[in-house]
Every structure is written in structure tokens, then in C-alpha cells.
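I opened this model to look up its turns, its strand pairings and one helix contact, and I kept notes in the order in which I checked them.

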Amino acid sequence: MRLAKPTFPAPDHDHGRCTAEALRHAEKVCDLRAQKFTPIRRQVLQALLSSHRPLGAYEVIDELAKSMPRPAPITVYRALDFLMENGLVHRIESRNAFLACAHDHDAAAMVAFLICERCGSVGEIPAAPVAQSLNAAARATGFAPKMSVVEITGICAHCQKA
């Protein structure tokens with residue numbers, strides 16, 4: 001399977017362009033859904049876009065505090081909830097952290113996260129077939145699955161080459 005966007009951007013990629021494209025994507029998603037992309041929501045997304053690594057909520061607050069008065073945690077959590085509900089951010093369960101998402105899929109789409117143990121970057125790949133198999137196996141036991149999160153740790157191709 002070939003993905004339209006690289007799973008792990010090259011270390012020397014144009015991060016400014018990458019961030020600008022992700023913000024344009026977020027604006028488009030919010031416009032299409034008639035949702036307000038408020039300044040704080042934009043700033044939280046920009047903080048998450050500062051790298052391709054997941055950030056905890058308090059790391060987001062620290063990032064924001066570099067350029068504005070330190071926001072209250074509840075403000076950041078509300079912005080993160082909005083961004084997750086609109087498929088613009090994912091929560092990395094094992095890290096209790098959040099990752100910006102510029103892929104064009106809805107919030108309910110099943111994805112797998114590839115977490116590099118060396119550089120901390122996280123890649124995202126479609127995982128619908130895996131989810132279908134896991135959900136079918138769970139239902140066969142009488143369990144009613146609600147949410148599936150697949151996280152795979154390892155070493156990304158860039159770190160393997162280094």
C-alpha cells in the first residue's frame with residue numbers, strides 16, 4: 001500500500017510548508033462542518049504542529065506560553081477536545097499525548113500509530129482491515145467493542161538509516 005503523504009516526513013523536509021498545509025486543511029475541515037476555528041484552537045494546533053512528535057497537554061501549554069500568556073489547562077483541554085472531535089488531532093493513548101493530523105479522514109476512521117522509539121516521531125497509517133478483524137474477534141466473544149486504538153512501537157526508516 002502506498003500512502004499519499006509519507007508516514008514519517010524526512011528530517012530535512014520543509015516543516016514550514018508542512019505546518020501551513022495542515023493549518024489550511026484544518027480551516028477547510030472547520031468551514032465544511034460549519035465549526036469555528038477560533039484563535040486558541042488554531043494556536044493549540046500550531047503548538048502540536050511544532051514537531052511530528054506527540055505532546056502532552058502541559059507541553060502544549062508550555063509551547064503556547066512562549067508566545068502568549070500561559071493559558072489555563074481547561075482552555076487547552078477544550079481546544080484539544082474540539083480538534084479531536086473534528087479529526088484534526090489524535091490522542092496517543094500509551095503516551096497520554098496528542099498528535100496533529102493532516103490526513104483527510106473522519107474522526108471515526110481506524111488508524112494505527114507507528115511510534116519511533118529513537119526520535120519520538122509518530123507516523124499514521126490506515127488500519128481499517130485490522131480494526132475489522134479485531135472487532136469481529138471481540139464480537140465473537142460476546143464483547144461489544146466501542147473504540148480501538150492500535151499503537152506499534154519500533155524504529156522509523158530515518159532512524160534505521162542514521
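Entry 1, Asn-96. In this predicted model I first looked up how open Asn-96 is, and at 47% relative accessibility it counts as partly exposed, because that class lies between the buried limit of 20% and the exposed limit of 50%. I found Asn-96 in the loop between β1 and β2, and I noted that its phi is positive, at about 50°, although the residue is not a glycine. I wrote down the background as a reminder to myself: most residues other than glycine have a negative phi.

Entry 2, the hairpin around Asn-96. I then followed the chain to both sides and saw that β1 (residues 89-92) and β2 (residues 97-100) run antiparallel and are joined by four bridges. Arg-91 stands opposite Phe-98 in β2, and four residues lie between the two strands of this hairpin.

Entry 3, Ala-34. I looked for another residue of this kind and noted Ala-34, which is not a glycine either and yet has a positive phi of about 55°. Ala-34 lies in the loop between α1 and α2, and with a relative accessible area of 69% it is exposed, since the class begins over 50%.

Entry 4, the helices on either side of that loop. I checked how α1 (residues 15-32) and α2 (residues 39-48) pack, and recorded an angle of about 145° with the axes 11 Å apart; the crossing of α1 past α2 is right-handed. On the α1 side I listed Leu-23, Ala-26 and Glu-27, which meet Arg-42, Leu-45 and Gln-46 of α2. Sorted by class, this contact holds three nonpolar, one polar and two charged residues.

Entry 5, the three-stranded sheet. What is the order of the strands in the open sheet? I read it as β4-β3-β5, with mixed pairing. β4 (122-126) and β5 (150-154) are the edge strands and have a single partner strand each, so one side of each has no neighbour in the sheet. Ignoring direction, I noted an average turn of 25° between neighbouring strands of this sheet.

Entry 6, β3 and its two partners. I took the pairings of β3 (residues 111-116) one at a time, beginning with β5, to which β3 runs parallel and is joined by five bridges. Within that pairing I found Cys-116 opposite Gly-154, and I found Glu-151 of β5 as the bridge partner of Phe-113. With β4, the pairing of β3 is antiparallel and again extends over five bridges, and here Val-111 has Pro-126 as its bridge partner. Is β3 mostly covered or mostly open? Five of its six residues are buried, and I therefore entered the strand as mostly covered.

Entry 7, the turn between β3 and β4. These two strands form a hairpin with five residues between them, and Gly-120 in the turn has a positive phi of about 85°. I also stopped at Ser-121, which lies in the loop between β3 and β4, and asked whether it is buried or exposed. Its relative accessible area is 14%, so I classed Ser-121 as buried, the limit being under 20%. Setting aside neighbours within four places in sequence, I listed the contacts of Ser-121 as Phe-8, His-52, Arg-53, Leu-114, Ile-115 and Cys-116.

Entry 8, Ile-125. I moved along to Ile-125 in strand β4 and found a relative accessible area of 25%, which makes this residue partly exposed. I also took the separation of the C-alpha atoms of Ile-125 and Leu-114, which is 7.7 Å although the two residues are 11 apart along the chain.

Entry 9, helix α5. Last, I checked the span of α5 (residues 128-140), which has 13 residues and reaches 18 Å from its first C-alpha to its last, close to the 18 Å expected at 1.5 Å a residue. Just after this helix I noted Gly-142, with a positive phi of about 95°.

Technical notes: Residues are numbered from 1 along each chain as its sequence is written. This is a predicted model: local features need pLDDT of at least 70, side-chain atom pairs count only at pLDDT 80 or more; totals for chains, interfaces and linings use all residues. Side-chain values use heavy atoms; hydrogens and water are left out. The expected span of a helix is 1.5 Å times one less than its number of residues. Axes are lines fitted to C-alpha atoms, for helices over the stretch in contact, and angles run from 0 to 180 degrees between N-to-C directions. A crossing is left-handed if the near helix is turned anticlockwise from the far one by less than a right angle, and right-handed if clockwise. Contact means heavy atoms within 4.5 Å. Ala, Val, Leu, Ile, Met, Phe, Trp, Tyr, Cys and Pro count as nonpolar, Asp, Glu, Lys and Arg as charged, and the others, Gly among them, as polar. Two strands pair if DSSP finds at least two bridges between them. Buried means under 20% relative accessible area, exposed over 50%, partly exposed in between (1.4 Å probe, protein chains only).
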